Amino acid sequence: MLIPDYHLHTEFSADCKTPIRDLIRSARDKGMKEICITDHYDHDFPIGIAECDFHLDFDTYFSTLRKLRKELAPDFTLKIGIEQGLMPSTCEVLSDFSSRYPELDFIICSTHVVDGFDPYYPYYFEKWGEKGGYRRYFEEILYTVEHFRNYSVYGHMDYILRYGPTKAENFRIEEYLDLFEAIFRVILDNGKGIEVNTGSLYRGLDFPHPHPKLLTLYREMGGEILTLGSDSHDTIHVGHGFEKTRETLKSLGFRYYCTYSKLKPEFHLL
(Lines give C-alpha, C1' and ligand atoms only; values in the text may rest on other atoms or scores of the structure.)
Protein backbone atom coordinates (compact mmCIF):
# COMPACT_ATOMS: atom_id res chain seq x y z
CA MET A 1 0.00 0.00 0.00
CA LEU A 2 1.29 3.45 -0.92
CA ILE A 3 1.78 5.75 2.03
CA PRO A 4 -0.59 8.76 1.82
CA ASP A 5 1.01 12.15 1.31
CA TYR A 6 0.22 14.36 4.31
CA HIS A 7 1.93 17.61 3.32
CA LEU A 8 0.61 19.14 0.10
CA HIS A 9 0.06 22.69 -1.13
CA THR A 10 -2.35 24.00 -3.72
CA GLU A 11 -3.62 27.27 -5.16
CA PHE A 12 -4.90 28.13 -1.67
CA SER A 13 -1.31 28.66 -0.46
CA ALA A 14 0.18 32.05 -1.22
CA ASP A 15 3.36 30.49 -2.59
CA CYS A 16 1.64 27.95 -4.84
CA LYS A 17 -0.36 28.07 -8.07
CA THR A 18 -1.16 24.37 -8.50
CA PRO A 19 -4.92 23.78 -8.97
CA ILE A 20 -6.19 21.47 -6.29
CA ARG A 21 -7.84 19.13 -8.81
CA ASP A 22 -4.54 18.73 -10.68
CA LEU A 23 -2.78 17.77 -7.47
CA ILE A 24 -5.45 15.19 -6.60
CA ARG A 25 -5.27 13.79 -10.12
CA SER A 26 -1.49 13.42 -9.78
CA ALA A 27 -1.85 11.53 -6.49
CA ARG A 28 -4.43 9.18 -7.99
CA ASP A 29 -2.33 8.62 -11.12
CA LYS A 30 0.56 7.60 -8.86
CA GLY A 31 -1.65 5.02 -7.14
CA MET A 32 -2.47 6.79 -3.90
CA LYS A 33 -5.82 6.14 -2.27
CA GLU A 34 -5.60 8.96 0.27
CA ILE A 35 -3.94 12.35 0.71
CA CYS A 36 -4.24 15.30 3.06
CA ILE A 37 -4.20 18.87 1.74
CA THR A 38 -2.26 21.14 4.12
CA ASP A 39 -2.26 24.65 2.74
CA HIS A 40 -0.36 27.43 4.47
CA TYR A 41 -1.71 29.60 7.25
CA ASP A 42 0.87 31.77 9.03
CA HIS A 43 -0.94 34.18 11.31
CA ASP A 44 0.81 37.58 11.41
CA PHE A 45 3.47 36.49 8.94
CA PRO A 46 5.71 39.56 8.43
CA ILE A 47 4.74 40.40 4.87
CA GLY A 48 7.71 42.72 4.47
CA ILE A 49 10.16 39.79 4.32
CA ALA A 50 8.45 38.06 1.40
CA GLU A 51 6.02 38.82 -1.37
CA CYS A 52 3.45 36.44 0.08
CA ASP A 53 0.53 36.85 2.42
CA PHE A 54 0.17 33.51 4.17
CA HIS A 55 -3.35 34.06 5.37
CA LEU A 56 -6.00 31.65 4.18
CA ASP A 57 -9.55 32.09 2.93
CA PHE A 58 -10.95 29.53 5.37
CA ASP A 59 -14.55 29.58 4.15
CA THR A 60 -13.63 28.89 0.53
CA TYR A 61 -10.90 26.44 1.49
CA PHE A 62 -13.07 24.25 3.70
CA SER A 63 -16.12 24.38 1.44
CA THR A 64 -13.99 23.37 -1.57
CA LEU A 65 -12.39 20.46 0.26
CA ARG A 66 -15.72 19.25 1.65
CA LYS A 67 -17.20 19.26 -1.84
CA LEU A 68 -14.24 17.41 -3.33
CA ARG A 69 -14.21 14.85 -0.51
CA LYS A 70 -17.84 14.02 -1.15
CA GLU A 71 -17.25 13.88 -4.89
CA LEU A 72 -14.25 11.53 -4.61
CA ALA A 73 -15.67 9.11 -2.03
CA PRO A 74 -15.63 6.15 -1.66
CA ASP A 75 -12.79 5.47 -4.10
CA PHE A 76 -10.43 8.13 -2.76
CA THR A 77 -10.03 9.62 0.71
CA LEU A 78 -9.37 13.35 0.94
CA LYS A 79 -8.39 14.60 4.39
CA ILE A 80 -8.60 18.26 5.37
CA GLY A 81 -5.48 19.69 6.92
CA ILE A 82 -3.46 22.84 7.32
CA GLU A 83 0.17 23.82 7.78
CA GLN A 84 0.20 26.39 10.51
CA GLY A 85 3.30 28.54 10.82
CA LEU A 86 3.92 29.48 14.45
CA MET A 87 5.91 32.21 16.18
CA PRO A 88 6.12 32.92 19.93
CA SER A 89 3.84 35.91 19.39
CA THR A 90 1.07 33.75 17.91
CA CYS A 91 1.07 30.71 20.21
CA GLU A 92 -1.57 32.09 22.57
CA VAL A 93 -3.90 33.61 19.98
CA LEU A 94 -4.00 30.31 18.06
CA SER A 95 -4.39 28.07 21.10
CA ASP A 96 -8.06 27.30 20.32
CA PHE A 97 -7.67 27.21 16.54
CA SER A 98 -8.91 23.66 15.91
CA SER A 99 -12.06 24.21 17.98
CA ARG A 100 -12.96 27.05 15.62
CA TYR A 101 -12.61 24.78 12.59
CA PRO A 102 -14.04 21.32 13.34
CA GLU A 103 -13.56 20.32 9.67
CA LEU A 104 -9.87 19.77 10.33
CA ASP A 105 -8.45 16.26 10.33
CA PHE A 106 -4.82 17.24 10.69
CA ILE A 107 -2.59 20.17 11.66
CA ILE A 108 1.12 20.50 10.90
CA CYS A 109 2.86 22.97 13.18
CA SER A 110 5.91 24.54 11.50
CA THR A 111 8.51 27.17 12.21
CA HIS A 112 9.13 29.43 9.21
CA VAL A 113 10.15 32.72 10.81
CA VAL A 114 12.58 33.44 13.66
CA ASP A 115 12.74 36.90 15.23
CA GLY A 116 11.20 38.37 12.09
CA PHE A 117 13.74 36.69 9.83
CA ASP A 118 13.02 33.92 7.32
CA PRO A 119 15.90 31.39 6.99
CA TYR A 120 14.99 31.08 3.32
CA TYR A 121 16.80 34.37 2.77
CA PRO A 122 20.60 34.82 3.21
CA TYR A 123 20.21 37.75 5.62
CA TYR A 124 19.09 35.29 8.32
CA PHE A 125 22.54 33.71 8.37
CA GLU A 126 24.24 37.07 7.97
CA LYS A 127 22.66 37.94 11.33
CA TRP A 128 23.26 34.70 13.22
CA GLY A 129 25.99 32.83 11.35
CA GLU A 130 25.42 29.22 10.32
CA LYS A 131 25.69 27.35 13.61
CA GLY A 132 24.18 30.23 15.55
CA GLY A 133 21.32 30.35 13.08
CA TYR A 134 20.67 26.65 13.48
CA ARG A 135 20.66 26.90 17.28
CA ARG A 136 18.36 29.93 17.27
CA TYR A 137 15.93 28.08 15.00
CA PHE A 138 15.85 25.01 17.25
CA GLU A 139 15.39 27.23 20.31
CA GLU A 140 12.31 28.67 18.62
CA ILE A 141 10.90 25.17 18.10
CA LEU A 142 11.43 24.36 21.77
CA TYR A 143 9.58 27.51 22.81
CA THR A 144 6.72 26.66 20.44
CA VAL A 145 6.18 23.09 21.66
CA GLU A 146 6.35 24.32 25.26
CA HIS A 147 3.66 26.95 24.66
CA PHE A 148 1.42 25.45 21.95
CA ARG A 149 -0.48 22.16 21.82
CA ASN A 150 -3.01 22.71 19.06
CA TYR A 151 -1.37 20.53 16.41
CA SER A 152 -0.94 16.95 15.27
CA VAL A 153 2.70 16.75 14.21
CA TYR A 154 5.64 19.14 14.08
CA GLY A 155 6.73 19.72 10.50
CA HIS A 156 10.18 19.57 8.86
CA MET A 157 11.96 20.08 12.17
CA ASP A 158 15.39 20.77 10.66
CA TYR A 159 13.97 22.65 7.67
CA ILE A 160 16.66 25.26 8.23
CA LEU A 161 19.31 22.83 6.91
CA ARG A 162 17.89 23.38 3.43
CA TYR A 163 19.08 26.95 3.45
CA GLY A 164 22.27 27.08 5.53
CA PRO A 165 25.43 28.21 3.72
CA THR A 166 26.80 24.65 3.73
CA LYS A 167 23.44 22.85 4.04
CA ALA A 168 23.98 19.93 6.45
CA GLU A 169 27.73 19.70 5.93
CA ASN A 170 28.49 21.38 9.27
CA PHE A 171 25.46 20.02 11.14
CA ARG A 172 26.47 17.97 14.16
CA ILE A 173 23.58 16.67 16.24
CA GLU A 174 25.80 16.59 19.33
CA GLU A 175 25.92 20.40 19.30
CA TYR A 176 22.11 20.62 19.58
CA LEU A 177 21.37 17.46 21.56
CA ASP A 178 20.22 19.41 24.62
CA LEU A 179 17.59 21.18 22.55
CA PHE A 180 16.29 18.15 20.69
CA GLU A 181 16.06 16.01 23.80
CA ALA A 182 13.95 18.77 25.36
CA ILE A 183 11.85 19.22 22.19
CA PHE A 184 11.09 15.53 21.82
CA ARG A 185 10.30 15.14 25.51
CA VAL A 186 7.65 17.85 25.32
CA ILE A 187 6.23 16.46 22.07
CA LEU A 188 5.98 12.97 23.56
CA ASP A 189 4.55 14.15 26.87
CA ASN A 190 1.84 16.01 24.95
CA GLY A 191 0.93 13.01 22.79
CA LYS A 192 2.02 14.66 19.56
CA GLY A 193 4.18 13.42 16.70
CA ILE A 194 6.57 14.57 14.04
CA GLU A 195 6.50 14.77 10.28
CA VAL A 196 9.00 13.04 8.01
CA ASN A 197 9.29 15.53 5.17
CA THR A 198 10.79 14.37 1.87
CA GLY A 199 10.88 17.85 0.36
CA SER A 200 14.57 17.97 1.25
CA LEU A 201 15.25 15.16 -1.24
CA TYR A 202 14.46 17.44 -4.17
CA ARG A 203 15.96 20.53 -2.55
CA GLY A 204 19.60 19.55 -2.38
CA LEU A 205 19.80 17.19 0.61
CA ASP A 206 20.19 13.41 0.60
CA PHE A 207 17.99 12.72 3.64
CA PRO A 208 14.43 13.59 4.64
CA HIS A 209 13.63 16.04 7.42
CA PRO A 210 14.46 15.45 10.17
CA HIS A 211 17.96 14.05 9.81
CA PRO A 212 18.20 10.27 10.46
CA LYS A 213 20.17 10.96 13.66
CA LEU A 214 17.25 13.02 14.93
CA LEU A 215 14.79 10.33 13.89
CA THR A 216 16.88 7.80 15.81
CA LEU A 217 16.82 10.00 18.91
CA TYR A 218 13.04 10.39 18.59
CA ARG A 219 12.57 6.62 18.38
CA GLU A 220 14.95 5.94 21.28
CA MET A 221 12.97 8.37 23.43
CA GLY A 222 9.77 6.43 22.64
CA GLY A 223 8.47 8.33 19.61
CA GLU A 224 6.10 6.42 17.35
CA ILE A 225 3.79 8.97 15.73
CA LEU A 226 5.06 9.77 12.23
CA THR A 227 3.43 11.13 9.09
CA LEU A 228 5.05 11.38 5.67
CA GLY A 229 4.75 14.49 3.54
CA SER A 230 6.37 15.62 0.30
CA ASP A 231 5.80 19.34 0.89
CA SER A 232 4.96 19.45 -2.78
CA HIS A 233 3.83 22.71 -4.37
CA ASP A 234 3.39 21.04 -7.77
CA THR A 235 2.10 17.81 -9.28
CA ILE A 236 5.55 16.38 -9.98
CA HIS A 237 6.72 15.83 -6.41
CA VAL A 238 3.60 14.32 -4.83
CA GLY A 239 4.81 11.31 -2.86
CA HIS A 240 8.42 12.03 -3.78
CA GLY A 241 10.87 9.56 -2.23
CA PHE A 242 8.27 7.80 -0.10
CA GLU A 243 9.39 4.24 -0.82
CA LYS A 244 13.03 5.08 -0.12
CA THR A 245 11.97 6.85 3.07
CA ARG A 246 9.82 3.89 4.12
CA GLU A 247 12.92 1.69 3.99
CA THR A 248 14.96 4.27 5.90
CA LEU A 249 12.36 4.39 8.66
CA LYS A 250 12.21 0.60 8.91
CA SER A 251 16.00 0.42 9.11
CA LEU A 252 15.89 2.87 12.02
CA GLY A 253 13.46 0.65 13.91
CA PHE A 254 10.13 2.33 13.18
CA ARG A 255 7.16 0.03 12.55
CA TYR A 256 4.31 2.43 11.82
CA TYR A 257 3.25 5.56 10.02
CA CYS A 258 0.09 7.50 10.84
CA THR A 259 -2.88 9.00 9.09
CA TYR A 260 -5.35 11.30 10.85
CA SER A 261 -9.10 11.70 11.18
CA LYS A 262 -10.53 14.56 13.25
CA LEU A 263 -7.08 15.16 14.75
CA LYS A 264 -6.77 11.56 15.98
CA PRO A 265 -3.84 9.40 14.75
CA GLU A 266 -4.45 6.03 13.13
CA PHE A 267 -1.46 3.64 12.94
CA HIS A 268 -0.51 1.59 9.88
CA LEU A 269 2.35 -0.83 9.35
CA LEU A 270 5.20 0.54 7.25
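Me: What share of the 270 residues of the protein count as buried?
Reply: This is a predicted model, in which local features need pLDDT of at least 70, side-chain atom pairs count only at pLDDT 80 or more, and totals for chains, interfaces and linings use all residues. Residues are numbered from 1 along each chain as its sequence is written, and side-chain values use heavy atoms, with hydrogens and water left out. Buried means under 20% relative accessible area, exposed over 50%, and partly exposed in between (1.4 Å probe, protein chains only). Of the 270 residues, the buried share is 57%.

Me: Which helix gives the most residues to the largest nonpolar core?
Reply: A nonpolar core is a set of buried Ala, Val, Leu, Ile, Met, Phe, Trp, Tyr and Cys residues joined through side-chain atoms within 4.5 Å. The largest one has 83 residues, and Ile-35, Phe-138 and Phe-184 have the most contacts inside it. With 7 residues, the top contributor to this core is helix 6 (residues 177-189).

Me: What are the end C-alpha atoms of helix 6 apart, in Å?
Reply: Helices (H or I, at least four residues) and strands (E, at least two) are DSSP runs, numbered from the N terminus. The expected span of a helix is 1.5 Å times one less than its number of residues. For the 13 residues of helix 6 this should give 18 Å, which agrees with the distance between its end C-alpha atoms, 18 Å.

Me: Against which helices and strands do the buried residues of helix 6 pack?
Reply: The buried residues of helix 6 are Leu-179, Phe-180, Ile-183, Phe-184, Val-186, Ile-187 and Leu-188. Contact means heavy atoms within 4.5 Å; leaving out residues up to four places away in sequence, Phe-184 touches Met-157, Ile-194, Leu-214, Leu-217, Tyr-218 and Met-221. The buried residues of the helix pack against helix 5 (130-147), strand 4 (153-154), strand 5 (193-197) and helix 7 (212-220).

Me: Is Asp-42 buried or exposed, and why?
Reply: Asp-42 lies in strand 1 (residues 34-42). Because its relative accessibility is 4%, Asp-42 counts as buried.

Me: Which side chain does a polar contact of 3.0 Å join to that of Asp-42?
Reply: Not counting residues up to four places away in sequence, Asp-42 touches Phe-54, His-55, Glu-83, Gly-85 and His-112. A polar contact is a pair of N or O atoms within 3.5 Å; within protein, one must be able to donate a hydrogen and the other to accept it, and residues adjacent in sequence count only if both atoms are side-chain atoms. The side chain joined to Asp-42 at 3.0 Å is that of His-112.
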